[in-house]
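The following exercises introduce a protein structure to a reader who has not met it before. Each task is followed by a solution that proceeds step by step.

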Amino acid sequence: MSESNYICSSFWDSSRILKLSKDAKLLHLYLISNFRTHFTGIYQIHVFEMVGYTGLSEDEVTRTLRELEVSGCIFYDYEMSVVFVFRH
């Protein structure tokens with residue numbers, strides 16, 4: 001069975017999103033639309049998966065996760081490989 005995730009067009013109107021780099025916008029979109037997403041916004045995902053699906057390098061993913069954390073979009077626990085995506 002196929003599952004779909006919808007991204008509201010208002011995503012792009014968020015002042016938080018407007019301030020992000022292009023890599024952060026890409027990674028954020030991936031984090032809210034990949035097959036692991038959960039309605040709670042909390043799920044396990046490894047950095048190597050983000051690298052593989054986004055085309056960003058491991059260093060770029062690490063830097064971009066930090067940017068998303070500082071901007072208040074996500075929290076990522078490297079020890080547990082768990083992300084908490086906050087509502088925008």
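A residue is called buried when its relative accessible area is under 20%, exposed when that area is over 50%, and partly exposed in between. By this convention, 36% of the 88 residues of the protein count as buried. The model is predicted, and every value below is computed from it.

**Exercise 1. Overall architecture**

Task: Describe the secondary structure of the protein and decide how its compactness relates to its length.

Solution.
Step 1. The protein contains four helices and three strands.
Step 2. Along the sequence, these elements are arranged in the pattern α-α-β-α-α-β-β.
Step 3. The radius of gyration is 12 Å, close to the 12 Å that the globule rule gives for 88 residues, so the protein is as compact as a globular protein of that length.
Step 4. The C-alpha trace spans about 35 × 30 × 20 Å along its principal axes.
Step 5. Of the contacts between residues at least 6 apart in sequence, 54% join residues at least 24 apart.
Step 6. The accessible surface comes to about 5,800 Å², and carbon and sulfur atoms account for 56% of this surface.

**Exercise 2. Helix H2 and its surroundings**

Task: Check the length of helix H2 against the expected span, then state which of its residues are buried and what covers them.

Solution.
Step 1. Helix H2 comprises residues 22–33.
Step 2. At 1.5 Å a residue, the 12 residues of H2 should span 16 Å; the end C-alpha atoms are 17 Å apart, which agrees.
Step 3. The buried residues of H2 are Asp-23, Ala-24, Leu-27, His-28, Leu-29, Tyr-30 and Leu-31.
Step 4. The cover over these buried residues includes helices H1 (15–18), H3 (47–54) and H4 (58–70), together with strands S1 (42–44), S2 and S3 (82–85).
Step 5. Leu-26 also lies in H2, but Leu-26 is partly exposed, with a relative accessible area of 37%.
Step 6. Not counting residues up to four places away in sequence, Leu-26 touches Thr-54 and Leu-56.
Step 7. Gly-55 is 29 residues from Leu-26 along the chain, and the two C-alpha atoms are separated by 9.9 Å.

**Exercise 3. Salt bridges**

Task: Establish how many salt bridges the protein has, and place the partners of each.

Solution.
Step 1. The required cut-off is a side-chain nitrogen of Lys or Arg within 4 Å of a carboxyl oxygen of Asp or Glu. By this rule there are three salt bridges.
Step 2. In one of them, the side chains of Asp-23 and Arg-63 meet with an N to O distance of 3.1 Å. This pair links distant parts of the chain, with Asp-23 in helix H2 and Arg-63 in helix H4, 40 residues apart. Asp-23 counts as buried at 16% relative accessibility, whereas Arg-63 is partly exposed at 43%.
Step 3. Another joins Glu-49 to Arg-36, with the closest N and O atoms 2.7 Å apart. Glu-49 lies in helix H3 and Arg-36 in the loop between H2 and S1, so the pair ties together parts that are 13 residues apart in sequence. The relative accessible area of Glu-49 is 9%, and Glu-49 is therefore buried; Arg-36 is partly exposed, at 33%.
Step 4. The side chains of Glu-69 and Arg-66 also form a salt bridge, at 3.7 Å from N to O. Because Glu-69 and Arg-66 are three residues apart in helix H4, about one helical turn separates them. An α-helix has 3.6 residues a turn, so residues three or four places apart point the same way. Glu-69 counts as buried, at 18% relative accessibility.

**Exercise 4. Features at the surface**

Task: Identify the residues that form a nonpolar patch on the surface, and determine whether Cys-8 is buried or exposed.

Solution.
Step 1. The nonpolar patch consists of Ile-42, Phe-75 and Phe-84, which together have about 270 Å² of accessible area.
Step 2. Phe-75 belongs to strand S2 (residues 74–77). With a relative accessible area of 45%, Phe-75 is partly exposed.
Step 3. Cys-8 is found in the segment before H1. At 54% relative accessibility, Cys-8 counts as exposed.
Step 4. Between Cys-8 and Phe-35, which are 27 residues apart in sequence, the C-alpha to C-alpha distance is 17 Å.

Terms used: Residues numbered from 1 in each chain as written. Predicted model: local features only at pLDDT ≥ 70, side-chain atom pairs only at ≥ 80, totals over all residues. Heavy atoms only, no water. Helix = DSSP H or I, 4+ residues; strand = E, 2+ residues; numbered from the N terminus. Buried < 20%, exposed > 50% of the residue type's maximum accessible area, 1.4 Å probe, protein only. Contact = heavy atoms within 4.5 Å. Patch = residues over 30% accessible without salt bridge, like charges linked within 9 Å, V, L, I, M, F, W, Y side chains within 5 Å. Areas by Shrake-Rupley, 256 points an atom, 1.4 Å probe, with all protein chains shown as cover. Rg over C-alpha atoms; globule rule 2.2 N^0.38 Å. Expected span 1.5 Å × (residues − 1).
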